[in-house]
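Biologist: Before we use words such as buried or core, I would like to go through the reasons behind them. Could you show me the model first?

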Amino acid sequence: MPPSSKADKKAPVDAAAWMFNILTSVGIIIVNKALMATYGFTFATTLTGLHFVTTTLMTVVLRWLGYIQPSHLPTRELIKFVLFANFSIVGMNVSLMWNSVGFYQIAKLSMIPVSCLFEVAFDKIRYSRDTKLSILVVLLGVAVCTVTDVSVNAKGVGAAFVAVWSTSLQQYYVHYLQRKYALSSFNLLGHTAPIQAGSLLILGPFLDYWLTEKRVDMFKYDLPSMVLILLSCTIAVGTNLSQFICIGRFTAVSFQVLGHMKTILVLILGFIFFGREGLNLHVVVGMIIAIVGMIWYGNASSKPGGKERHAHLLPKTSHQTSTAGEKV
């Protein structure tokens, strides 16, 4: 098949993957905000464990129906991935609890340069000047939108450090494992979701009690809160799957850069549904800067030399062979 024909077919699938991720991510944020703010269900880690339970059920059903084929992931790789992913979840929850909103947002933004560092160090990827500048523009725009008060404390910095590095490692590892072991997004979720579900359901109640001084088993469950929990778990299946699809098709850096469109969309929806209190000139300017940066990044990184792997470091396996000089 000619390269242009492949590119023509790939573009709509890429766009659909991004749209799926944006819709499910924004949807779960809105549902979780309603669940926590309206009903006081503040048990974020336990809720994430429930998310992975429903994701596990989805992979079991799909495997039973024959949509997920048998695959292999070494136990050591599985353990490393689950450690990175769980440290990411716990680190982000603790960072949000111990830091100001402004410092929390700065920490989230720092995941992009950390992800770039991993790609440069491990995959020998080189970025063009335009690609680097476009990333800086996105960081500037999102910072203008979201960073307000910034206060720093030692334990908050520690929590943010763990959150940033573990999240960046987890996202890098999603792409790494899919390439190295020729795993589809469904395959990788089938391996990782059950372990994450079990570990987070064991750890979650204790961590949530430590952070909130409330017990998940003492929460007053009623029909509306149960419906929201079930809705959150259902949407989370799409969120988890779409994250793996997007990172697998692109890279962790592209997922982080273009993923900030979700931040912009959440802000806009907040203005629409919850009033115009936060809508001011610097937020609007920040949105415009970020969107311009995302468009620039998409254009710059897709050009020859915009983002290129100079040497392929993944060892050959029985699942997949690789070639030097591959372009991302």
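**Reasons behind the labels**

Modeller: Please keep in mind that this is a predicted model, and let us begin with Thr167, which has its place in helix H7, residues 154-180.

Biologist: Why does Thr167 count as buried?

Modeller: Thr167 has a relative accessibility of 7%, and because buried means under 20%, Thr167 counts as buried. Leaving aside neighbours within four places in sequence, Thr167 is in contact with Ser88, Met92 and Met111.

Biologist: What makes the pairing of the Thr167 and Ser88 side chains a polar contact?

Modeller: The side chains of Thr167 and Ser88 are joined at 2.6 Å, and the cut-off for such a pair of N or O atoms is within 3.5 Å, so the pairing is called a polar contact.

Biologist: Why is Leu117 called partly exposed?

Modeller: Leu117, found in helix H5, has a relative accessible area of 44%; because partly exposed lies between the 20% and 50% limits, that is the label Leu117 receives. Leu117 also belongs to a nonpolar patch on the surface, together with Ile79, Leu83, Phe87, Phe161, Val162 and Trp165, and the patch has about 660 Å² of accessible area. Helices H3 and H7 each give two or more residues to this patch.

Biologist: Which residues touch the most other members of the largest nonpolar core?

Modeller: They are Leu73, Phe81, Tyr173, Leu177 and Leu188, out of 37 residues in that core. The largest share of the core, eight residues, comes from H7. Leaving aside neighbours within four places in sequence, the contacts of Leu177 include Leu73, Phe81 and Leu188.

Conventions: Residues numbered from 1 in each chain as written. Predicted model: local features only at pLDDT ≥ 70, side-chain atom pairs only at ≥ 80, totals over all residues. Heavy atoms only, no water. Helix = DSSP H or I, 4+ residues; strand = E, 2+ residues; numbered from the N terminus. Buried < 20%, exposed > 50% of the residue type's maximum accessible area, 1.4 Å probe, protein only. Polar contact = N/O pair within 3.5 Å; in protein donor to acceptor, adjacent residues only side chain to side chain. Contact = heavy atoms within 4.5 Å. Patch = residues over 30% accessible without salt bridge, like charges linked within 9 Å, V, L, I, M, F, W, Y side chains within 5 Å. Areas by Shrake-Rupley, 256 points an atom, 1.4 Å probe, with all protein chains shown as cover. Salt bridge = Lys/Arg side-chain N within 4 Å of Asp/Glu carboxyl O. Core = buried A, V, L, I, M, F, W, Y, C linked by side-chain atoms within 4.5 Å.
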